[in-house]
Amino acid sequence: MGNLFGKEKPLKEVLRENKRMISRAVRELDRERTSLEREEKRLTIEIKKAAKQQQMTAVAIMAKDLVRTRAHVTKFIEMRSHLQSCGLKLQTVKSHQAMADAMKSTTKAMMKMNQAVDAPAINKMMKEFEKENMKSELMQEVMGDMMDDAMEQDGDAEEEDQIVSQVLDEIGVSFGQEIPDAPTLGTTTQVEQPSQGGKVAVGAADSSLNDLEARLNNLNSDVPKA
């Protein structure tokens with residue numbers, strides 16, 4: 001019926017039909033082999049019975065039948081093995097066909113995905129995003145400066161200096177002094193006791209003084225404006 005109108009059956013259907021046919025043939029061989037084994041047992045009993053009765057002619061004839069029966073049983077077993085081997089080959093072909101179909105579907109899906117992804121458009125979009133991001137950051141910076149200038153009032157600088165001086169006084173450092181360096185092992189460093197309002201007086205190098213001034217400038221610039 002599959003080829004009634006000239007339509008070719010798919011490979012999957014052909015493999016299923018062949019497998020079904022092989023399974024049916026194996027079952028028929030098993031039935032025939034079982035029947036021959038029963039006949040073999042019957043002939044064996046008959047041969048023993050005729051031998052006890054000294055019927056040697058009948059014994060010889062039944063012995064020939066027994067030999068033929070056993071030969072057919074062996075052939076059926078061999079044929080069954082061949083059919084099972086064919087079934088395994090068909091199963092292997094079916095697995096290969098399934099793998100080929102899966103690879104075909106995967107290839108089609110990958111082709112559609114590659115066609116849907118436009119690499120130049122993505123590259124252009126990333127460049128535009130980077131450009132707009134830089135514009136946004138620049139606008140935020142300009143607006144922040146404008147807001148600072150607009151919100152700044154007279155006397156803010158003096159108040160900021162007062163706050164810095166207060167913080168430095170709390171930690172025992174003034175504008176004309178520096179934070180003493182920690183003494184290192186193997187060297188002798190003399191540190192004078194705090195005097196005059198708890199301020200520290202130590203001898204230091206010009207590089208340390210410059211570092212302190214830079215840190216003070218950073219602190220001054222980080223103080224929030226009112």
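**A talk about a predicted helical model**

From the N terminus on, the elements of the protein chain run α-α-α-α-α.

Biologist: Happy to look at this with you! How many helices and strands does the protein chain have?

Modeller: Keep in mind that this is a predicted model. Every element in the run from the N terminus is an α element. The count for the protein chain is therefore 5 helices and 0 strands.

Biologist: What share of the residues is buried?

Modeller: The protein chain exposes about 18700 Å², with carbon and sulfur atoms supplying 57% of that area. Among the 226 residues of the chain, the buried share is 13%.

Biologist: What distance separates the end C-alpha atoms of α1?

Modeller: Helix α1 covers residues 11-52. Its 42 residues, at 1.5 Å a residue, should span 62 Å. The model agrees with that, because the end C-alpha atoms are apart by 62 Å.

Biologist: And what is the distance for α2?

Modeller: Helix α2 runs over 56-116. With 61 residues at 1.5 Å each, α2 should span 90 Å. The end C-alpha atoms of α2 agree, being apart by 90 Å.

Biologist: Which helix do the buried residues of α1 pack against?

Modeller: The buried residues of α1 include L15, I22, V26, L29 and D30. Going the other way, α2 has buried residues such as V59, M62, T69 and F76, and the buried residues of α2 pack against α1. For the buried residues of α1, the partner is α2.

Biologist: Nice. Is L29 buried or exposed?

Modeller: L29 is found in helix α1. Leaving out residues up to four places away in sequence, L29 touches F76, M79, R80 and L83. Its relative accessible area is 10%, and buried means under 20%, so L29 is buried.

Biologist: How many Å apart in space are L29 and F76, C-alpha to C-alpha?

Modeller: F76 is one of the buried residues of α2, and F76 is among the residues that L29 touches. In sequence the two are 47 residues apart, yet in space the C-alpha to C-alpha distance is 6.2 Å.

Biologist: Which residues make up the largest nonpolar core?

Modeller: This core has 6 residues in all. Helices α1 and α2 each supply at least two of them. M62 shows how they meet: beyond its neighbours within four places in sequence, M62 is in contact with L43, E46, I47 and A50. The core itself is made up of L43, I47, A50, V59, M62 and L66.

Biologist: Where is Q54, and what is its phi?

Modeller: Most residues other than glycine have a negative phi. Q54 is not a glycine, yet its phi is positive. Q54 sits in the loop between α1 and α2, and its phi is near 60 degrees.

Biologist: Is Q54 buried or exposed?

Modeller: Q54 comes just after α1. Its relative accessible area is 62%, and the cut-off for exposed is over 50%, so Q54 is exposed.

Biologist: One more! Which residues make the nonpolar surface patch of about 510 Å²?

Modeller: Let's begin with M126, which lies in helix α3, residues 119-151. M126 is partly exposed, at a relative accessible area of 47%. Patch members need over 30%, so M126 passes that cut-off. The patch is made by V117, I122, M125, M126 and F129.

Key:
Residues are numbered from 1 along each chain as its sequence is written. This is a predicted model: local features need pLDDT of at least 70, side-chain atom pairs count only at pLDDT 80 or more; totals for chains, interfaces and linings use all residues. Side-chain values use heavy atoms; hydrogens and water are left out. Patches are made of residues with over 30% relative accessible area and no salt bridge: like charges are joined within 9 Å, nonpolar side chains (Val, Leu, Ile, Met, Phe, Trp, Tyr) within 5 Å. Accessible areas come from the Shrake-Rupley method with a 1.4 Å probe; for residues, only the protein chains shown count as cover. A salt bridge is a side-chain nitrogen of Lys or Arg within 4 Å of a carboxyl oxygen of Asp or Glu. Helices (H or I, at least four residues) and strands (E, at least two) are DSSP runs, numbered from the N terminus. Buried means under 20% relative accessible area, exposed over 50%, partly exposed in between (1.4 Å probe, protein chains only). A nonpolar core is a set of buried Ala, Val, Leu, Ile, Met, Phe, Trp, Tyr and Cys residues joined through side-chain atoms within 4.5 Å. Contact means heavy atoms within 4.5 Å. The expected span of a helix is 1.5 Å times one less than its number of residues.
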